[in-house]
Amino acid sequence: MNTFAVRSAIAASAAALAVFATPGIAAAAPNLHGDPKTPGTQVQVESEPGDSNSYTCGAVGVAGAGVGSNSSGGAGQVNGAYFGPGPVQGGCVGSDGSVYFPTGNAE
């Protein structure tokens, strides 16, 4: 192996260790989900229990798109047009500057 390949392998290993071995990263991520008790298809963003951050999220799915936010530690509506149930991909920014890309379902 040449020097460049060895250094690249070491850097990739260090980056993977920093990302995947850090405790608590996934524990605070927001959830995207529907609420079957509410009429119409919609998506909500909700913080994990014990998470004191609020989140502003956008969600795009096969049946629509929307943007919304939640209060600190609670749930909030992702407002937009969802024409039916289906999977959604979100992008969220927390009040502490954290960034997450949760998946969920419009219901």
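Let me begin with one pair of residues in this predicted model: Thr56 has Val93, in strand E6, as its bridge partner. That pair belongs to a longer arrangement, in which strand E3, residues 55–61, and strand E6, residues 86–94, pair in the antiparallel sense over seven bridges.

Strand E3 also pairs with strand E4, residues 64–69, and here six bridges join the two strands, which again run antiparallel. If you look for an example in the structure above, you will find Val60 standing opposite Ala65 in E4, and you can then follow the chain through the hairpin of two residues that joins E3 to E4.

Now to the nonpolar core. The largest one has 13 residues, and the members that touch the most other members are Leu32, Val43, Val78, Tyr82 and Val88. Strands E2, E3, E5 (75–82) and E6 each supply at least two residues of this core, and the largest share, three residues, comes from E3. As a general point, nonpolar side chains in soluble globular proteins tend to be buried together.

Let us take Val78 from that core: leaving aside residues up to four places away in sequence, Val78 touches Leu32, Val43, Gln44, Val45, Ala59, Gly66, Val67 and Gly68.

One of those contacts, Gln44, lets me end with a question: is Gln44 buried or exposed? Gln44 lies in strand E2, residues 43–46, and it counts as buried because its relative accessibility is 16%, while buried means under 20%. Around Gln44, again not counting residues up to four places away in sequence, the contacts are Asn31, Leu32, His33, Asp35, Ala75, Gly76, Gln77 and Val78.

How values were computed. Residues numbered from 1 in each chain as written. Predicted model: local features only at pLDDT ≥ 70, side-chain atom pairs only at ≥ 80, totals over all residues. Heavy atoms only, no water. Helix = DSSP H or I, 4+ residues; strand = E, 2+ residues; numbered from the N terminus. Buried < 20%, exposed > 50% of the residue type's maximum accessible area, 1.4 Å probe, protein only. Contact = heavy atoms within 4.5 Å. Pairing = 2+ DSSP bridges. Core = buried A, V, L, I, M, F, W, Y, C linked by side-chain atoms within 4.5 Å.
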